[in-house]
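Biologist: I would like to learn how to read a structural model step by step, with the general idea given before each case. Could we work through one together?

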Amino acid sequence: MASPAQEINLTASTQYAAYDHSKAIRDCISMATVRAPIYEPQSRSAVDIVAVIDRSGSMAGVKLNLVRKTLLFVIDQLKPCDRLCLVLYDDNVVVEFPLTLMTKENKELTKAKVEKISDRGATNLCGGLLKGMEQIIVRSSGQKAKVASVLLFTDGLANRGITGFTQIIDAMRDPIGSLAKPGVLDNARPTHAPFPFMQMQQQIPMQQAMQQVSAQPPMQMQQSPAPPLPPPPMQQAAPPLQLNQFPMQQSIPQPLSESLAIAPSGTVDFEGTVYTFGFGSDHNADLLTAISNAANGVYYFIDSTEKIAECFADCLGGLLSVVGQNMTLTIEAQPKCTIGAVHYKNKPQIEPDNKKCVVSLGDLQSEEERDIVVPINLEAMEAECMSQALIKVTLSYFNVITTLMQTTSVDLTVDRKSAAGLQPNEAVTVQLQRVRVALAMEEARKIAPVDLRRAKSMLEAAKKSLEESGVVQHKLCQALLSDLNKTIGDLRDQHSYHERGSHTIASFGQEHMAQRSKFSPSYVTTAKSAMRAQTQHLK
């Protein structure tokens with residue numbers, strides 16, 4: 001039995017304490033809140049991390065130097081029970097070292113490998129990504145850490161191997177099978193076989209294993225010319241969101257068009273997460289967002305070299321503080337109620353009769369919170385009713401602290417009587433505004449490539465709606481307002497859009513929908529702040 005300090009807390013609430021019984025209510029806005037404890041263990045669970053690094057020619061100089069320093073920092077933060085793998089990609093893809101226990105001896109040997117990373121060639125991004133995912137998939141059952149993640153870093157566009165947006169996401173669904181197909185690693189020299197020290201270092205020291213591998217003659221492969229870059233996919237414009245036409249008790253916008261939405265989170269059956277790091281203005285923000293969404297990770301937009309270490313530290317601090325995994329939220333409507341449109345970064349699964357909704361929440365890190373806004377449709381009642389049952393909410397998850405599967409549930413009720421003069425619940429109203437802003441950013445992101453003016457108008461409408469919401473002075477709403485202003489500024493013209501706008505709108509939209517910190521103080525955690533503070537000397 002877990003103590004309260006080790007359990008994830010589940011609560012539910014409505015925007016108003018009562019709703020008129022005499023008429024049907026189209027959208028009674030309710031909210032399920034999942035909150036992680038503050039957890040700072042003496043001895044945390046082990047982690048497996050695969051760093052997949054772009055070392056193409058454009059990375060030369062300051063960028064690659066800072067990446068090397070950041071990797072050395074990551075190595076220093078890991079404990080002997082943790083494992084690190086390094087995959088490098090240019091025209092080719094190579095595993096510099098496989099998942100390796102970070103003992104004192106191995107840290108020195110892996111640091112020596114990191115120091116020798118040099119720039120060259122083009123960008124086989126998909127090959128590097130799939131090879132990194134493969135390292136997680138092939139782990140033996142006795143060695144798997146509970147927390148595993150791929151960290152993908154790039155500063156440019158994919159121009160080797162698989163380069164198509166949709167094809168890369170499809171390949172992620174079967175990394176090992178995709179790696180065996182022609183055109184994925186055609187330009188890549190084979191990676192070495194797993195080192196013997198992968199078997200918990202019981203048979204051979206790392207240094208000897210590296211010497212054995214380096215002694216093998218390299219395979220000579222003919223370089224093929226770089227294929228031309230594919231043109232960016234055309235995206236049709238979606239109808240504008242009328243965000244300023246949604247009163248407090250009305251529904252949030254309907255689900256995004258399937259033809260426009262990028263791959264939702266959780267669409268890849270992968271026993272780890274994928275975090276993506278895009279540096280500068282030349283990378284494809286939509287692609288990196290889709291990759292991270294598909295594997296329950298986060299996309300980081302790095303606009304300056306000074307932020308390279310900070311972004312990696314933010315990610316690492318989160319990974320080292322995971323308290324819940326494979327979290328699933330099940331929402332069941334009670335009699336005389338149905339569930340409306342539910343939005344989350346993972347597309348919720350709603351049954352045809354709108355009586356049940358399942359939301360995959362992925363993992364939860366120390367101090368994090370997830371607020372799922374749930375519109376409920378209520379039937380009219382013949383008489384007033386105290387405490388009408390609305391929904392039953394159940395959370396199931398793997399507790400990393402206790403290493404046990406756990407389930408908790410809560411029932412949500414509301415009074416059906418005169419609602420005149422009632423004030424809205426501030427917490428629910430604030431989270432409703434967050435979802436509206438995140439959806440507006442997502443829609444604007446898709447429309448911007450073909451109609452920049454319309455995308456900007458959508459964001460301005462979202463800003464106006466937020467300013468008139470009655471909760472604009474709330475800390476989170478001030479952060480939303482600030483991010484809207486920044487994004488609107490970055491869409492002022494085509495040059496600004498391509499330099500920054502396409503990246504900031506993808507980053508902010510994902511951040512607010514997922515409620516996971518990158519740089520926003522709204523979602524920052526103690527673990528991430530502490531890890532970031534340790535990177536100041538790397539700038």
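Modeller: What follows is a walk through the overall fold, the cores, an aromatic pair, two single residues and a cavity, bearing in mind that this is a predicted model.

Biologist: Let us begin with the whole chain: how many helices and strands does it have, and what percentage of its residues count as buried?

Modeller: The secondary structure comes to 13 helices and 16 strands, and of the 539 residues of the chain 58% count as buried. If we take the contacts with a separation of 6 or more, residues 24 or more positions apart account for 78% of them.

Biologist: Which residues of the largest nonpolar core touch the most other members, and which elements give two or more residues to this core?

Modeller: A nonpolar core is a set of buried nonpolar side chains joined through atoms within 4.5 Å. Here the largest one has 43 residues, and Ile53, Leu86, Phe153 and Phe277 touch the most other members. The elements that give two or more residues to this core include strands E4 (47-54), E5 (83-89) and E8 (273-279), together with helices H1 (62-77) and H8 (307-319). Its largest share, 8 residues, comes from H1. Apart from this core lies another, of 39 residues, with Val150, Leu152, Ile169 and Leu185 among them.

Biologist: Which residues does Leu86 touch, if those up to four places away in sequence are not counted?

Modeller: Leu86 touches Ala51, Ile53, Leu71, Val94, Val95, Glu96, Phe97, Val114 and Ile117.

Biologist: How should I read a pair of aromatic rings, and how many such pairs are there?

Modeller: A pair of aromatic rings is described by the distance of the centres and the angle of the planes. In this model the count comes to 4 aromatic pairs. For Phe277 and Phe312 the ring centres are 4.3 Å apart and the planes are at 5°, so this pair is stacked. The pair links distant parts of the chain, since Phe277 is in strand E8 and Phe312 in helix H8, 35 residues apart. Phe277 is buried, with a relative accessible area of 0%, and Phe312 is buried as well, at 3%. Both rings belong to one aromatic cluster, formed by Phe153, Phe277, Tyr300 and Phe312.

Biologist: Turning to single residues, is Ser178 buried or exposed?

Modeller: The cut-off to keep in mind is that buried means under 20% relative accessible area. Ser178, which lies in helix H5 (residues 175-179), has a relative accessible area of 5%, and therefore it is buried. Leaving aside neighbours within four places in sequence, Ser178 is in contact with Leu130, Ala171 and Val184.

Biologist: And what is the relative accessible area of Ala389?

Modeller: Ala389, found in strand E15 (residues 385-399), has a relative accessible area of 35%, so it is partly exposed. Beyond its neighbours within four places in sequence, Ala389 is in contact with Gln334, Pro335, Cys337, Leu412 and Thr413. Ala389 and Cys337 are 52 residues apart in sequence, yet their C-alpha atoms are 8.6 Å apart in space.

Biologist: Finally, which residues line the largest cavity?

Modeller: A search of the whole structure finds 1 cavity of 30 Å³ or more, and about 40 Å³ of space lies in the largest cavity. Its lining is made by Asn296, Tyr344, Lys345, Leu361, Gly362, Asp363, Arg370 and Arg516. By class, this lining has 2 nonpolar, 2 polar and 4 charged residues. Strand E13 (residues 356-365) gives the most to the lining, with 3 residues.

Methods: Residues are numbered from 1 along each chain as its sequence is written. This is a predicted model: local features need pLDDT of at least 70, side-chain atom pairs count only at pLDDT 80 or more; totals for chains, interfaces and linings use all residues. Side-chain values use heavy atoms; hydrogens and water are left out. On a 1 Å grid over the protein atoms alone, a cavity is a set of points where a 1.4 Å probe fits but cannot get out, and a pocket is an open set with protein on both sides within 12 Å along at least five of seven lines; lining residues have an atom within 4 Å of a point. Grid points are joined across faces, edges and corners, and a volume is the space filled by probe spheres set on the points. Helices (H or I, at least four residues) and strands (E, at least two) are DSSP runs, numbered from the N terminus. Ala, Val, Leu, Ile, Met, Phe, Trp, Tyr, Cys and Pro count as nonpolar, Asp, Glu, Lys and Arg as charged, and the others, Gly among them, as polar. Buried means under 20% relative accessible area, exposed over 50%, partly exposed in between (1.4 Å probe, protein chains only). Contact means heavy atoms within 4.5 Å. Rings of Phe, Tyr and Trp (its six-membered ring) pair if their centres lie within 6.5 Å; planes under 30 degrees apart count as stacked, over 60 as edge-to-face and the rest as tilted.
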